[in-house]
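This report describes selected local features of one protein chain. The sequence and the structure come first, and the description follows.

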Amino acid sequence: MLSPPFSLGLFMSLTRINFTAVRNLEPSTLLPSPRINILYGDNGSGKTSVLEGIHLLGLARSFRSARLLPVIQYEQQVCTLFGQVQLSDGRLSNLGVSRDRQGEFQIRIDGQNARSAAQLAETLPLQLINPDSFRLLEGSPKIRRQFLDWGVFHVEHRFLPAWQRLQKALKQRNSWLRRGTLDPVSQAAWDRELCLASDEIDSYRRSYIQQLKPVFERTLSELVELQGLTLSYYRGWDKERPLSEVLTSSLLRDQQIGHTQSGPQRADLRLRLGAHNAADILSRGQQKLVVCALRIAQGHLVDQAKRGQCIYLVDDLPSELDEQHRRALCRLLEDLNCQVFITCVDHELLSDGWQTDTPVSMFHVEHGRITQTHDHRE
């Protein structure tokens, strides 16, 4: 058994992770460095499954599959993750997530059943950078809303109850639009609730974007020079009109379609290069750097709000990047002073990109077996 990592002060880190029946991984206990952890090995060896397990521990869902059944090891009934987290105030917290083939979930935090995955996310903020991260630029507005709301959730404690109110009001209004079963008084009450929750959410999102933009621009400038790249926020309805007016004017069309077309559920982040959508102009390498800058900027804001750090999961860091940009990205991740898990095929590409006093642990992953090969501590 490897000795657990030492404390580096006021930031959060996983000090122990147990994997049981996760994908192709053998039952394993990982005792990571509080700073940089590099998992290397051939494709298909299980490196990404380690990140997936950590993601499952922090969010109760996989980033590789919408269904969790494939995460459970073949011929096993239950997959289980356990993690010990050193919080930014020095306390230890124990997290456990298990999922069986019947779809039953159990989430435990410090021995107590958790009410929801939001409690996990609050305890273990995770940022994922992987080959699918391009979807943040290329994909649907929903993906960018999720990115935006993850950040708002972690810096504004009033966001979650407002978001829950919005979902309830939207559900009621959409049900009425499809079935026409609400009386006028009830309809007006739910519209009013929808507008109040929408304005609150919009104010939190706008405040967050105002904080994010300068940090993002500064971070991006350290990675790549992209003249004319702009980040803007669309709230989901006409910025010149109150939502109540928009809902009234679009009521007939909403009834024809059967759902509410305008509101914060239609919000988007827009990244443009000049007059063009950035995803249509940028190379794959440039897109990866833009996404990395967005994720790292979010980490800085969470740090400011919580005095702790996100944990970063970076799958296949070297892909799409030349040596100069690899080193620049490693430097930014290192400057976050947080815990990072990175996968790669060739660890030599990343072995010398760190300051000499930064703790770096390396783990070789082969046929689902994790072996620590280098443990660098102060």
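Leaving aside its neighbours within four places in sequence, which residues is Val365 in contact with? In this predicted model, the contacts of Val365 are Leu39, Tyr40, Gly41, Asp42, Ser45, Gly46, Lys47 and Ile370. Val365 is found in strand β14 and counts as buried, at 0% relative accessibility. Val365 and Thr80, 285 residues apart in sequence, are 19 Å apart in space from C-alpha to C-alpha.

**The annotated binding site**

An unreviewed UniProt entry lists Gly41, Asp42, Asn43, Gly44, Ser45, Gly46, Lys47 and Thr48 under "binding site". Asn43 is found in the loop between β3 (36–40) and α1 (47–59), and Ser45 lies in the loop between β3 and α1 as well. Are these two residues buried or exposed? Asn43 is exposed, with a relative accessible area of 70%, which is over the 50% cut-off. Ser45 is buried, with a relative accessible area of 5%, and this value is under the 20% cut-off. Not counting residues up to four places away in sequence, Ser45 touches Asn24, Val365, Glu366, His367 and Gly368.

His364 is found in strand β14, residues 360–366. With a relative accessible area of 25%, His364 is partly exposed. Not counting residues up to four places away in sequence, His364 touches Tyr40, Gly41, Arg369, Ile370, Thr371 and Thr373. Gly41 is among the residues listed by UniProt. Asp42, also listed there, is 322 residues from His364 along the chain, and their C-alpha atoms are separated by 9.4 Å.

**Two buried residues and their contacts**

Leu51 lies in helix α1 and is buried, with a relative accessible area of 0%. Which residues does Leu51 touch, not counting those up to four places away in sequence? They are Leu39, Phe63, Leu313, Val314, Asp315, Phe341 and Thr343. Tyr312 is 261 residues from Leu51 in sequence, with a C-alpha to C-alpha separation of 9.6 Å.

Ile72 has its place in the loop between α1 and β4 (78–86). Ile72 is buried, with a relative accessible area of 4%. Its contacts, not counting residues up to four places away in sequence, are Ala21, Gln77, Val78, Cys79, Arg99, Asp100 and Arg101. The C-alpha atoms of Ile72 and Val22 are separated by 5.3 Å, with these positions 50 residues apart along the chain.

**Positive phi in the loop between α1 and β4**

Most residues other than glycine have a negative phi. The table gives two residues with a positive value.

| Residue | Phi | Place | Relative accessibility |
|---|---|---|---|
| Ala60 | near 60° | loop between α1 and β4 | 10%, buried |
| Glu75 | about 70° | loop between α1 and β4 | 64%, exposed |

Neither Ala60 nor Glu75 is a glycine. Ala60 counts as buried because its 10% relative accessibility is under the 20% cut-off. Glu75 counts as exposed because its 64% relative accessibility is over the 50% cut-off.

**Helix packing**

Two packed helices are described by the angle between their axes and the distance between the axes. How do helix α6 and helix α11 cross, and within what distance do their axes come? The axes of α6 (residues 184–223) and α11 (residues 323–335) cross at roughly 140° and come within 9 Å. On the α6 side, Thr219, Glu222 and Leu223 take part, and they meet His325, Ala328, Leu329, Arg331 and Leu332 in α11. By class, this contact has four nonpolar, two polar and two charged residues.

**Aromatic rings**

How many aromatic pairs does a search of the whole structure find? It finds zero. Rings do take part in arrangements with arginine. Arg270 lies over the face of Tyr234, at 4.4 Å from the ring centre. The charged end of Arg284 sits over the ring of Phe134, 3.7 Å from the centre of that ring.

Technical notes. Residues numbered from 1 in each chain as written. Predicted model: local features only at pLDDT ≥ 70, side-chain atom pairs only at ≥ 80, totals over all residues. Heavy atoms only, no water. UniProt positions renumbered as here; feature names shortened; annotations may be inferred. Helix = DSSP H or I, 4+ residues; strand = E, 2+ residues; numbered from the N terminus. Buried < 20%, exposed > 50% of the residue type's maximum accessible area, 1.4 Å probe, protein only. Contact = heavy atoms within 4.5 Å. Phe/Tyr/Trp six-rings, centres within 6.5 Å; stacked < 30°, edge-to-face > 60°. Lys NZ or Arg CZ within 6 Å of the ring centre and 35° of its normal. Axes fitted to C-alpha atoms, helices over the stretch in contact; angles between N-to-C directions. Nonpolar A, V, L, I, M, F, W, Y, C, P; charged D, E, K, R; others polar.
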